[in-house]
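Here is a short briefing to read alongside the sequence and the coordinates. Please keep both open as you go through the points.

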Amino acid sequence: MKRNILFLLWIFCFSQFANGQYLVPTLDKTTNKYGYKEKDKIEWSLPPIYKSAHHFFGKFSHSR
């Protein structure tokens, strides 16, 4: 199940990258979980349901 969610997240992020959008991992202070927002946007692109999140470079996420 976790693998399927990561695969869907990867597909979503790749499609956003192909469309020229840049997703930024963002902490939601009310839920204390991470989601992704498009750079300089208010709305969530991916809802804050993750314990951790990393930036995407190319095809894969990259932890710092």
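What follows starts with the overall fold and then moves to individual residues.

This is a predicted model. The protein has one helix and five strands, arranged along the sequence as α-β-β-β-β-β. Two buried charged residues, Lys 37 and Asp 28, get most of the attention below.

**Overall picture**

- Of the 64 residues in the protein, 22% are buried.
- The exposed area of the protein comes to about 5300 Å², with 59% of it supplied by carbon and sulfur atoms.
- Among contacts in the protein with a separation of 6 or more, 21% are between residues 24 or more positions apart.

**Lys 37**

- Lys 37 sits in strand E2, which covers residues 33-38.
- Which side chain of opposite charge is nearest to Lys 37? It is Asp 28, at 7.1 Å.
- Lys 37 is buried and has no salt bridge, because a salt bridge would need a side-chain nitrogen of Lys or Arg within 4 Å of a carboxyl oxygen of Asp or Glu.
- A polar atom of the Lys 37 side chain does lie 3.2 Å from the backbone oxygen of Ile 42.
- Setting aside residues up to four places away in sequence, Lys 37 touches Tyr 22, Leu 23, Val 24, Thr 26, Ile 42, Glu 43, Trp 44 and Ser 45.

**Asp 28**

- Asp 28 belongs to strand E1, residues 23-28.
- Asp 28 is also buried without a salt bridge, and its nearest side chain of opposite charge is Lys 37, 7.1 Å away.
- The side chain of Asp 28 makes a polar contact of 3.0 Å with the side chain of Thr 30.
- Beyond its neighbours within four places in sequence, Asp 28 is in contact with Lys 33, Trp 44 and Pro 48.
- Trp 44 therefore appears in the contact lists of both charged residues, given that contact means heavy atoms within 4.5 Å: it touches Lys 37 and is in contact with Asp 28.

**Leu 23**

- Leu 23, one of the residues that Lys 37 touches, is placed in strand E1.
- Is Leu 23 buried or exposed? Leu 23 is buried, because its relative accessible area is 7% and the cut-off for buried is under 20%.
- The C-alpha atom of Leu 23 is 9.0 Å from that of Leu 46, although the two residues are 23 apart along the chain.

**Positive phi angles in two loops**

- Most residues other than glycine have a negative phi, so positive values are worth a look.
- Asn 32, which is not a glycine, has a positive phi of about 60 degrees.
- Asn 32 is in the loop between E1 and E2, and it counts as exposed because its relative accessibility is 57%.
- Asp 40 is another residue other than glycine with a positive phi, near 70 degrees.
- The loop between E2 and strand E3 (44-50) holds Asp 40, which is exposed with a relative accessible area of 73%.

**A nonpolar surface patch**

- Which residues form a nonpolar patch on the surface? Phe 7, Leu 8 and Ile 11 do, and together they have about 300 Å² of accessible area.
- Ile 11 lies in helix H1, residues 2-18.
- Ile 11 is partly exposed, because its relative accessible area is 37%, a value between the 20% and 50% cut-offs.

Definitions and conventions
Residues are numbered from 1 along each chain as its sequence is written. This is a predicted model: local features need pLDDT of at least 70, side-chain atom pairs count only at pLDDT 80 or more; totals for chains, interfaces and linings use all residues. Side-chain values use heavy atoms; hydrogens and water are left out. Helices (H or I, at least four residues) and strands (E, at least two) are DSSP runs, numbered from the N terminus. Buried means under 20% relative accessible area, exposed over 50%, partly exposed in between (1.4 Å probe, protein chains only). Lys and Arg count as positive and Asp and Glu as negative; His and the chain ends are not counted. A polar contact is a pair of N or O atoms within 3.5 Å; within protein, one must be able to donate a hydrogen and the other to accept it, and residues adjacent in sequence count only if both atoms are side-chain atoms. Accessible areas come from the Shrake-Rupley method with a 1.4 Å probe; for residues, only the protein chains shown count as cover. Patches are made of residues with over 30% relative accessible area and no salt bridge: like charges are joined within 9 Å, nonpolar side chains (Val, Leu, Ile, Met, Phe, Trp, Tyr) within 5 Å.
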